[in-house]
Amino acid sequence: DYTPSASLRMGLNVFYYEMQDIIRFTPVADNTGDQTGHGLEWEFEWTVNDDLTVRGNYALQDSEDEDTDGDAPNAPQQPLYLRADYALTPGWSLNAQLNHVMDRERSVGDLRPEVDDYTIIDLTLIGRELLKGVDVTFSIRNLTDEDAFEPSLAPGLIPNDLPLAGRSVFAEIRKSW
């Protein structure tokens, strides 16, 4: 962890892991398979000024399926996350998030095309104490309506991977008593 100033904090995490007896679906669910991995993650939080804070992280991961001597399937090798919180007024704030998922390998023997990288952007507008004890939140998730998927098992009951939600809009009113 490194804090070069009162407004900036950065961290670097280095990791290594081993997994044994991973639950896999052969004809039935069974504890089989071993996996190892290593990588690093860089994270930061920067208070730009009294109204704006930016934070994020980026990871680089290399995981190996010990049974196939190939890349471990489905886990992203490079996830990137960014978030900005901006105070518009004393009662209103805006939050923007970006989640970019890159480089996911298929299982050995899975002949389907690669799983595409994706970027999801969410926006949230928050109003606090608009009336005594009343907060409101408006969110647009997957703002750009990205066509995003997470990998499914192969051969599985979901042949074309797991679709993530498209653009969606949420509103919330919360009253504290």
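Colleague: What does the accessible surface of the protein chain come to, and what share of it belongs to carbon and sulfur atoms?
Modeller: The surface is about 11,700 Å², with 57% of it on carbon and sulfur atoms. Areas are calculated by the Shrake-Rupley method with a 1.4 Å probe, and for residues only the protein chains shown count as cover. Please keep in mind that this is a predicted model, in which local features need pLDDT of at least 70 and side-chain atom pairs count only at pLDDT 80 or more, while totals for chains, interfaces and linings use all residues. Numbering runs from 1 along each chain as its sequence is written, and side-chain values use heavy atoms, with hydrogens and water left out.

Colleague: How many helices and strands does the protein chain have?
Modeller: There are zero helices and 14 strands. These are DSSP runs numbered from the N terminus: a helix is H or I over at least four residues, a strand is E over at least two.

Colleague: What makes you say that the protein chain is more spread out than a compact globule?
Modeller: The globule rule, 2.2 Å times the number of residues to the power 0.38, serves as the yardstick, and the radius of gyration is taken over C-alpha atoms. For 177 residues the rule gives 16 Å, whereas the protein chain has 21 Å, well over that value, so the chain is more spread out than such a globule. Along its principal axes, the C-alpha trace spans about 60 × 40 × 30 Å.

Colleague: What share of the residues counts as buried?
Modeller: Of the 177 residues, 25% do. Buried means under 20% relative accessible area, exposed means over 50%, and partly exposed is in between (1.4 Å probe, protein chains only).

Colleague: Why is Asp 1 called exposed?
Modeller: Its relative accessible area is 74%, and the exposed class begins over 50%, so Asp 1 belongs there. Its partner Arg 9 has 25%, which falls between the two cut-offs, so Arg 9 counts as partly exposed.

Colleague: How do you know that Asp 1 and Arg 9 form a salt bridge?
Modeller: The term asks for a side-chain nitrogen of Lys or Arg within 4 Å of a carboxyl oxygen of Asp or Glu. For Asp 1 and Arg 9 the closest N and O atoms are 2.9 Å apart, so the pair qualifies. The structure holds eleven salt bridges.

Colleague: Why does the pair Asp 110 and Arg 106 count as a salt bridge?
Modeller: The closest N and O atoms are 3.9 Å apart, which is within the limit, so the pair counts. Both residues are buried. Elsewhere, Glu 45, Arg 55, Arg 83 and Asp 85 are joined into one network by salt bridges that share partners.

Colleague: Where does Arg 55 lie, and which residues does it contact?
Modeller: Arg 55 sits in strand β6, residues 52-65. Contact means heavy atoms within 4.5 Å. Setting aside neighbours within four places in sequence, the contacts of Arg 55 are Phe 44, Glu 45, Tyr 81, Leu 82, Arg 83 and Asp 85. At 24% relative accessibility, Arg 55 is partly exposed.

Colleague: What makes Asp 161 buried?
Modeller: Its relative accessibility is 9%, under the 20% cut-off, so the label is buried. Asp 161 is in the loop between β12 and β13 (162-163), and has a positive phi of about 75 degrees although it is not a glycine.

Colleague: Why is Asp 145 called partly exposed?
Modeller: Asp 145 has 40% relative accessibility, between the two cut-offs, so partly exposed is the right class. Asp 145 also has a positive phi, about 55 degrees, without being a glycine. Its place is the loop between β11 (134-141) and β12 (149-150).

Colleague: How many side chains are positive and how many negative, and how far apart are the centres of the two sets?
Modeller: There are 13 positive and 33 negative side chains, and the two centres lie 14 Å apart. Lys and Arg count as positive, Asp and Glu as negative, with His and the chain ends not counted. Each charge is placed at NZ of Lys, CZ of Arg, CG of Asp or CD of Glu.
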